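Me: Please take a close look at one strand in this model and walk me through its surroundings. I'd like its partners, its two faces and whatever follows from them.

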Amino acid sequence: MSTNPARTTRIYAHRGANREAAENTRTAFERALSYPIDGIETDVQLSLDGVPVLWHDGFLGKLGMPARRVDDCSLAELQAMDFAMHFGRGAKPEGIMALRDFVSAYAARCGLLLEIKSHDHENIGRQRSKIKQTLELAKNARRGGVLVSSFHFPSLMYAHECAPDFPLVYNGESNLQARQAERLLDAYPFLHGLCVH
């Protein structure tokens, strides 16, 4: 992630140490902290009952449910599922982690990069609720250096409306070129930086 033309770069463990443990689980986050990283990146979605939880994919295919999404299930249902099962290799079962628990456990230990996921099926009210809740939890923990990011630029625009001083990061696609990145940062000075491949 570059925060200015001086190209300050920070290293965030993507979904934790996801080659050593199931992504976005407490085990993956704990293992990530054994490396010289600046922080941990994770993905935020909403459960059916509107609780921000950590999961990357649009569907639960990795859990053997390819037609179900996180937002089809309540927090209690998600916590009863084994979100480590796809990793194999004797991974201990782990339910989904709520964003509140993640921020509480890790904000004082390292920087956090919270990626707000956006899906075509999701209505704007739920997307905005996800943004507001994420910002609220992040604001309460900013001592540890929390950033919020998204590939969905309208979500970042709304986040900026809600919290004008909060550091927001745009996740660039893999084809984002340096000149395009500079133009983005010039055009939208509220951006704190870019996540690049």
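**Strand E5 and its neighbours**

Reply: Happy to: strands E5 and E6 run parallel and are joined by three bridges. Two strands count as paired when DSSP finds at least two bridges between them, and the elements themselves are DSSP runs numbered from the N terminus, helices being H or I over at least four residues and strands E over at least two. Before we go on, this is a predicted model, in which local features need pLDDT of at least 70 and side-chain atom pairs count only at pLDDT 80 or more, while totals for chains, interfaces and linings use all residues. Residues are numbered from 1 along each chain as its sequence is written, and side-chain values use heavy atoms, with hydrogens and water left out.

Let's start with E5 itself, which spans residues 146-150. Five of its five residues are buried, meaning under 20% relative accessible area, with exposed being over 50% and partly exposed in between (1.4 Å probe, protein chains only). In a regular strand the side chains alternate between the two faces of the sheet. Here Val146, Val148 and Ser150 point one way, while Leu147 and Ser149 point the other.

Now to the partners. With E4, strand E5 pairs in parallel through four bridges, and Leu112 stands opposite Val146 in E5. Towards E6, Ser150 faces Tyr170. E5, H5 and E6 together form a right-handed β-α-β unit; right-handed means that, with the strands pointing away from the viewer, the path from the first strand over the helix to the second runs clockwise.

Tyr170 also leads us to the aromatic rings. Rings of Phe, Tyr and Trp (its six-membered ring) pair if their centres lie within 6.5 Å; planes under 30 degrees apart are stacked, over 60 edge-to-face and the rest tilted. By this rule there are eight aromatic pairs. Phe153 and Tyr170 form an edge-to-face pair, because their ring centres are 5.3 Å apart and their planes lie at 75°. This pair links distant parts of the chain, with Phe153 in helix H5 (residues 153-162) and Tyr170 in strand E6 (residues 168-171), 17 residues apart. Both Phe153 and Tyr170 are buried, and ring pairs link them with Tyr188 and Phe190 into a cluster.

One step further out, E4 (residues 111-116) pairs in parallel with E2 over six bridges, with Glu41 opposite Leu113. Eight of the eight residues of E2 (residues 39-46) are buried, so E2 is largely enclosed by the rest of the structure.
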